[in-house]
Amino acid sequence: MSDKQFQILDTLVVYEGFFRLEQYTLKHTLFNGGWSPSLKRELFRRGNCVAVLLYDPDRDEVVLIEQFRVGAVLQPERAWQLEIVAGAIETGETAEEVAYREAREEAGCEIAELIEIKQFFTTPGGSSEWITLFCGRVDSSQVGGIHGLDEEDEDIRVSAVKFDEAFQMLEGGKIESGIPILAIQWLYIHREELRARWLAELNSPSL
């Protein structure tokens, strides 16, 4: 039996609306042996989500979106955030299907090829959110404008930015959301290899 164990003693739904908040009463084993006292912890429940960095290897551009974010209202000057395309996985959908759907809805882009970068928790200290992060090959030549679904009250400004400019935006503090920071840093590391591979595929004669 693993020495890392926990027991859920009670659960309570504190709030259910656009998101769901639950309160857990639990205890867990300690590294030095024995068990913790009974603890009360709130859990912000989100389903599994997807984010996708849209990249055009031919133009060496990434697609960024900008939208209002309630999580930043305590710092009003940061209420509009520069991000990458993202969305929740609905019942019956795969992560890949969400990536293709959200690219169309939020950025007006069709993904030609999709690769998985990483799966991870965003804030496991209090949220259940689990992200699958992708990089998708797109044609960014016609990217721009305002996108999003009216029924979801989305108001999303889309732009295609040269990779070097996007990286400078990150380094200069203009990109402050964790998921795009991780994605752009990943592309910084793998860009030359990925670009060479995708350009070779684009330029290879069709069978």
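Two strands are taken to pair if DSSP finds at least two bridges between them. With that rule in hand, I looked up Leu54 and found that Leu54 stands opposite Gly136 in strand 9. I note at the outset that the structure is a predicted model.

**Entry 1. Strand 9 and its partners**

I asked which strands pair with strand 9, and in which sense. Strand 4, residues 49-56, pairs with strand 9 in the parallel sense, and 7 bridges join them. Strand 8, residues 113-121, also pairs with strand 9, but in the antiparallel sense and over 8 bridges. For a single position in the latter pairing I looked up Gln119, whose bridge partner in strand 9 is Thr132.

I then asked how many residues of strand 9 are buried. Strand 9 covers residues 130-137, and 7 of its 8 residues are buried, so the strand is largely enclosed by the rest of the structure. The cut-off behind this reading is that buried means under 20% relative accessible area.

**Entry 2. The open sheet**

I next looked up the sheet that has the strand order 1-2-3. This is an open sheet of 3 strands with antiparallel pairing. Its edge strands are strand 1 (6-16) and strand 3 (39-45), each of which pairs on one side only. From one strand to the next, the twist averages 25°.

Within this sheet I examined strand 2, residues 20-28, which pairs with strand 3 in the antiparallel sense over 7 bridges. Arg20 has Arg45 of strand 3 as its bridge partner. I met both residues again among the charged side chains: Glu16, Arg20, Glu22 and Arg45 are linked in a network of salt bridges.

**Entry 3. Salt bridges**

I recorded the general point that side chains of opposite charge can pair when their charged atoms come close. How many salt bridges does the model contain? The count comes to 20. I followed three pairs individually.

The side chains of Arg46 and Glu129 meet in a salt bridge with an N to O distance of 3.2 Å. This pair links distant parts of the chain, 83 residues apart: Arg46 is in the loop between strand 3 and strand 4, and Glu129 is in the loop between strand 8 and strand 9. I checked the accessibility of both residues. Arg46 counts as partly exposed because its relative accessibility is 27%, whereas Glu129 is buried, with a relative accessible area of 11%.

Glu66 forms a salt bridge with Arg157, and their closest N and O atoms are 2.6 Å apart. Glu66 lies in strand 5 and Arg157 in strand 11 (residues 156-162), so this pair ties together parts that are 91 residues apart in sequence.

Arg191 and Glu192 form a salt bridge whose closest N and O atoms are 3.9 Å apart. Is each of these residues buried or exposed? Arg191 counts as buried at 13% relative accessibility, while Glu192 counts as exposed at 53%.

**Entry 4. A nonpolar surface patch**

Last, I asked which residues form the nonpolar patch on the surface. They are Phe68, Val70, Val73, Leu74 and Trp80, and together they have about 590 Å² of accessible area. I took Val73 as one of these residues to locate. Val73 is found in the loop between strand 5 (61-68) and strand 6 (80-83). Val73 counts as partly exposed because its relative accessibility is 37%.

Conventions: Residues numbered from 1 in each chain as written. Predicted model: local features only at pLDDT ≥ 70, side-chain atom pairs only at ≥ 80, totals over all residues. Heavy atoms only, no water. Patch = residues over 30% accessible without salt bridge, like charges linked within 9 Å, V, L, I, M, F, W, Y side chains within 5 Å. Areas by Shrake-Rupley, 256 points an atom, 1.4 Å probe, with all protein chains shown as cover. Salt bridge = Lys/Arg side-chain N within 4 Å of Asp/Glu carboxyl O. Helix = DSSP H or I, 4+ residues; strand = E, 2+ residues; numbered from the N terminus. Buried < 20%, exposed > 50% of the residue type's maximum accessible area, 1.4 Å probe, protein only. Axes fitted to C-alpha atoms, helices over the stretch in contact; angles between N-to-C directions.
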